[in-house]
Amino acid sequence: MEGTGLGLAITKRLIDMLGGTIEIQSKVGTGTRITVRLPHRIGKAPSENTANTDYPTEFRGKHLLLVEDNDLNAEIASELLSVAGFIVDRAEDGIVCIDKILKSPKDTYNMVLMDIQMPKMDGYTCAKRIRALPDPEKANIPIIAVTANSFKEDEEKAIAAGMNGHISKPIQINKLMEMMEKISVLLV
């Protein structure tokens, strides 16, 4: 029984997200050699404080709402963000996002990370609806578009929809932190 052929595509995407490379050498009748290279640092022994100290301390414990319809993307992003010290909740689409924001106390989420292409309600529509909420604190929550749409016009469309920033997938945590710092400074 043959598979769907998605295994290598998913593997390649994961390796790209982690900043690595994959090489495949194959010869009929001999076999296949697959070489995966991933960058890493040699770790230190864990201390009593297990939070990652490589990231800015002002973001540790901040509560993010990750709006992402793709389970694999959500799992990877949640893990990266959690390692950086964030508390992450997920909404599977724009409708669930609006519902979570409406049902939560106004200071629950510090920021929303918004995918753009989602079923039921896309990120642009969701951002516009958040900005139209009657509670000013909820309506003004910072929103960053996190999307595969990486052209200048995509960024302009995100800003026009009421988002505070735009970053391309796959998430590069350091670039995201820079964007969050910039937005935090602008909102003060």
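The following conversation between a visitor and a guide goes through a predicted model of a protein chain and the reasons behind the terms used for it.

Visitor: What makes up the secondary structure of the protein chain, and how do the elements run from the N terminus on?

Guide: The secondary structure of this predicted model comes to seven helices and seven strands, and, read from the N terminus on, the elements follow the order α-β-β-β-α-β-α-β-α-α-β-α-β-α. Of the 188 residues in the protein chain, 37% are buried, while the chain exposes about 11800 Å², with 54% of that area supplied by carbon and sulfur atoms. Among contacts between residues at least 6 apart in sequence, 57% join residues at least 24 apart.

Visitor: Why is the pair of Arg 37 and Glu 23 called a salt bridge?

Guide: The term asks for a side-chain nitrogen of Lys or Arg within 4 Å of a carboxyl oxygen of Asp or Glu, and the side chains of Arg 37 and Glu 23 meet at 2.9 Å, N to O, so the pair satisfies the rule. Arg 37 lies in strand β2 (residues 31–37) and Glu 23 in strand β1 (residues 21–27), so the salt bridge ties together parts that are 14 residues apart in sequence. By this rule the count comes to eight salt bridges.

Visitor: Why are Arg 37 and Glu 23 called partly exposed?

Guide: Buried means under 20% relative accessible area and exposed means over 50%, with partly exposed in between. Arg 37 has a relative accessible area of 46% and Glu 23 stands at 38%, so each of these values falls in the range between the two cut-offs.

Visitor: How do you know that Asp 99 and Lys 103 form a salt bridge, and where do they lie?

Guide: The closest N and O atoms of Asp 99 and Lys 103 are 3.3 Å apart, which is within the 4 Å that the rule allows, and therefore the pair counts. Both residues lie in helix α3 (residues 94–103), where they are four residues apart, about one turn of the helix.

Visitor: What makes Lys 103 exposed, and what is Asp 99 called?

Guide: At 67% relative accessibility, Lys 103 is over the 50% cut-off and therefore counts as exposed, whereas Asp 99, with a relative accessible area of 33%, is partly exposed.

Visitor: How do you know that Lys 106 and Glu 137 meet in a salt bridge?

Guide: Their side chains come to 3.8 Å, N to O, and because the cut-off is 4 Å, this pair is counted as well. The salt bridge links distant parts of the chain, with Lys 106 in the loop between α3 and β5 (111–114) and Glu 137 in helix α5, 31 residues apart. Lys 106 is partly exposed, with a relative accessible area of 47%, and Glu 137 is partly exposed, with a relative accessible area of 47%. Elsewhere, salt bridges that share partners join Glu 68, Asp 115 and Lys 169 into one network.

Visitor: What lines the second largest pocket?

Guide: About 170 Å³ of space lies in the second largest pocket, and among the 14 residues that line it, the closest to its centre are Lys 106, Asp 107, Tyr 109, Glu 137 and Ile 141. Helix α5 (residues 136–139) gives the most to this lining, with three residues, and the lining divides into six nonpolar, four polar and four charged residues.

Visitor: Why is Ser 78 called buried?

Guide: Ser 78 has a relative accessible area of 19%, and because buried means under 20%, the term applies. Ser 78 lies in helix α2 (residues 71–83) and touches Leu 66 and Val 88, not counting residues up to four places away in sequence.

Visitor: What makes a space a cavity, and how many of 30 Å³ or more are counted?

Guide: A cavity is a set of points where a 1.4 Å probe fits but cannot get out, and the count comes to one cavity of 30 Å³ or more. About 110 Å³ of space lies in the largest cavity, which is lined by 14 residues, with Glu 68, Asn 73, Ala 77, Lys 169 and Ile 171 nearest its centre. The largest share of the lining, five residues, comes from α2, and the lining divides into ten nonpolar, one polar and three charged residues.

Conventions:
Residues are numbered from 1 along each chain as its sequence is written. This is a predicted model: local features need pLDDT of at least 70, side-chain atom pairs count only at pLDDT 80 or more; totals for chains, interfaces and linings use all residues. Side-chain values use heavy atoms; hydrogens and water are left out. Helices (H or I, at least four residues) and strands (E, at least two) are DSSP runs, numbered from the N terminus. Buried means under 20% relative accessible area, exposed over 50%, partly exposed in between (1.4 Å probe, protein chains only). Contact means heavy atoms within 4.5 Å. Accessible areas come from the Shrake-Rupley method with a 1.4 Å probe; for residues, only the protein chains shown count as cover. On a 1 Å grid over the protein atoms alone, a cavity is a set of points where a 1.4 Å probe fits but cannot get out, and a pocket is an open set with protein on both sides within 12 Å along at least five of seven lines; lining residues have an atom within 4 Å of a point. Grid points are joined across faces, edges and corners, and a volume is the space filled by probe spheres set on the points. Ala, Val, Leu, Ile, Met, Phe, Trp, Tyr, Cys and Pro count as nonpolar, Asp, Glu, Lys and Arg as charged, and the others, Gly among them, as polar.
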